[in-house]
Amino acid sequence: MESTVVETALGRVPIWIRGPEGGPLVVAIRGAFPETPNDFEWLDAPGAQLAFLHLPGFHSPFLKTISVAAFAEAFEEAVAARFPGRPYVAAGLSVGSLAAMSMRQAQRVLAIEPFLETGKLWALFEILSPSVVGNGAAWVEAIFGRPGDGRDYRSILDGLRVPTEIIVGDVPLFPRRPVMGLPSLCDEADRAAFRAHPLVHLQQGVGGHGVHMGSQDMINEALARLLTRL
C-alpha cells in the first residue's frame, strides 16, 4: 500500500492508498483506539481507489486542534491536495464517521456507528479507564467530554447535505446494564433523528459499537450503492 504525508494548515496528515488511480475514490477514516494500525482495511469496493486515514493521535500525528471539526478540515485539505478535483465517498467508523459526515467536499457519506450526544454514552465512559486512555486523556476530553455533559454533535447531522448511508448495531445502548463489549452508541433518539433526515438511509447490522466486525458485507454493499451514484 502506498503511503504519503500531506502538510495542511493544521498539521501533517498521513494517507495510506490502495487501488487504481483512475477508479472512484473512497476516503476511509478509522475510529479511535483502533485495535491494529490496519483497522478498516477490509473495506472493499472493486475498481475503486481507497485512501485510509487515522484519526490524529492514533498512528497519525496530532493536529494543532483536537476536535471533529478540525479533523474534517485537515482531511479535506489533505484529500484535495493529493486527489485534486476528484469526487469521493467519505466513509468512517465511530468518531471517524463524525469526521466523514463533517466533510463538506464529499459527494456521498458512509457512517458506521455515529453518535450525536456523548454525555449519555455510559458504556464508553466505563471503559475509558486511565490504563486504556494513557496519555490520550486530553484527546478523550476534547472529543467525548465527561459523563452527563459530554459533547453535542447534532449540528453535524443538521449540516448534512449529501446522500448518506448510516449503519448502526443491534445491541441497544439502554438500559444501563453489565455488558460484554460496547453496545451500540447510537440510542433510539439518535436513530429517530437519522430516520427523520431526508438524505439518510439507516440500516441496523449485527453487533454493538463494533458492528463493522459482523456486518462487513452490509457495509460493503452500502458503499457500492453510494459509488454507483458518485
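1. P175 lies in the loop between β7 (164-169) and α7 (188-196), where helices (H or I, at least four residues) and strands (E, at least two) are DSSP runs numbered from the N terminus. The peptide bond that joins F174 to P175 is cis, with omega about 10°. This is a predicted model, in which local features need pLDDT of at least 70 and side-chain atom pairs count only at pLDDT 80 or more, whereas totals for chains, interfaces and linings use all residues. Residues are numbered from 1 along each chain as its sequence is written, and side-chain values use heavy atoms, with hydrogens and water left out.

2. Two further backbone points deserve a look, since most residues other than glycine have a negative phi. F33, in the loop between β3 (25-29) and β4, is not a glycine, yet its phi is positive, near 50°. With a relative accessibility of 30%, F33 counts as partly exposed (buried means under 20% relative accessible area, exposed over 50%, partly exposed in between, with a 1.4 Å probe and protein chains only). H59, which is likewise not a glycine, has a positive phi of about 55°; its place is in the loop between β4 and α1, and at 44% relative accessibility H59 counts as partly exposed.

3. The loop that holds H59 can be read together with S60, which is also found between β4 (49-53) and α1. S60 is buried, at 12% relative accessible area, while H59 is partly exposed. Once neighbours within four places in sequence are left aside, the contacts of S60 (heavy atoms within 4.5 Å) are with P14, H54 and L55.

4. What are the residues that touch the most other members of the largest nonpolar core? They are I29, F75, M101, M103, F144 and F194, in a core of 58 residues; such a core is a set of buried Ala, Val, Leu, Ile, Met, Phe, Trp, Tyr and Cys residues joined through side-chain atoms within 4.5 Å. Helix α1 (residues 68-82) gives the most to this core, namely eight residues. Apart from residues up to four places away in sequence, F75 touches V13, I29, L53, H54, L55, P56, A99 and M103. A second core, separate from the largest, has 20 residues and includes F52, V89, A222 and L227.

5. V13, one of the residues that F75 touches, is found in strand β2 (residues 11-18) and is buried, with a relative accessible area of 3%. Beyond residues up to four places away in sequence, V13 touches T4, V5, V6, T8, L53, L63, A74, F75 and A78. A80 is 67 residues from V13 along the chain, and the C-alpha atoms of the two are separated by 12 Å.

6. In helix α5 (residues 137-144), the buried residues are W139, V140, I143 and F144. Around the axis they cover an arc of only 95°, which puts them on the same side of α5; the arc is that of the directions from the helix axis to the C-beta atoms. G145 follows α5 and has a positive phi, near 70°. As one of the members of the largest core with the most contacts to other members, F144 links this helix to point 4.

7. I156 is found in helix α6 (residues 154-158) and is buried, with a relative accessible area of 7%. Among residues over four places away in sequence, V68, L98, M101, S102 and R104 are touched by I156. I156 and G57, by comparison, are 99 residues apart in sequence and 22 Å apart in space, C-alpha to C-alpha.

8. Is D190, in helix α7, buried or exposed? D190 is buried, with a relative accessible area of 1%. When residues up to four places away in sequence are not counted, D190 touches F115, L116, E117, K120 and L185.

9. The largest pocket is lined by 28 residues, and A32, F33, L182, H209 and H212 lie nearest its centre. (On a 1 Å grid over the protein atoms alone, a pocket is an open set of points where a 1.4 Å probe fits, with protein on both sides within 12 Å along at least five of seven lines; lining residues have an atom within 4 Å of a point.) Helices α3 (122-127) and α8 (211-214) each supply at least two residues of this lining. F33, listed here among the residues nearest the centre, is the residue noted in point 2 for a positive phi near 50°.
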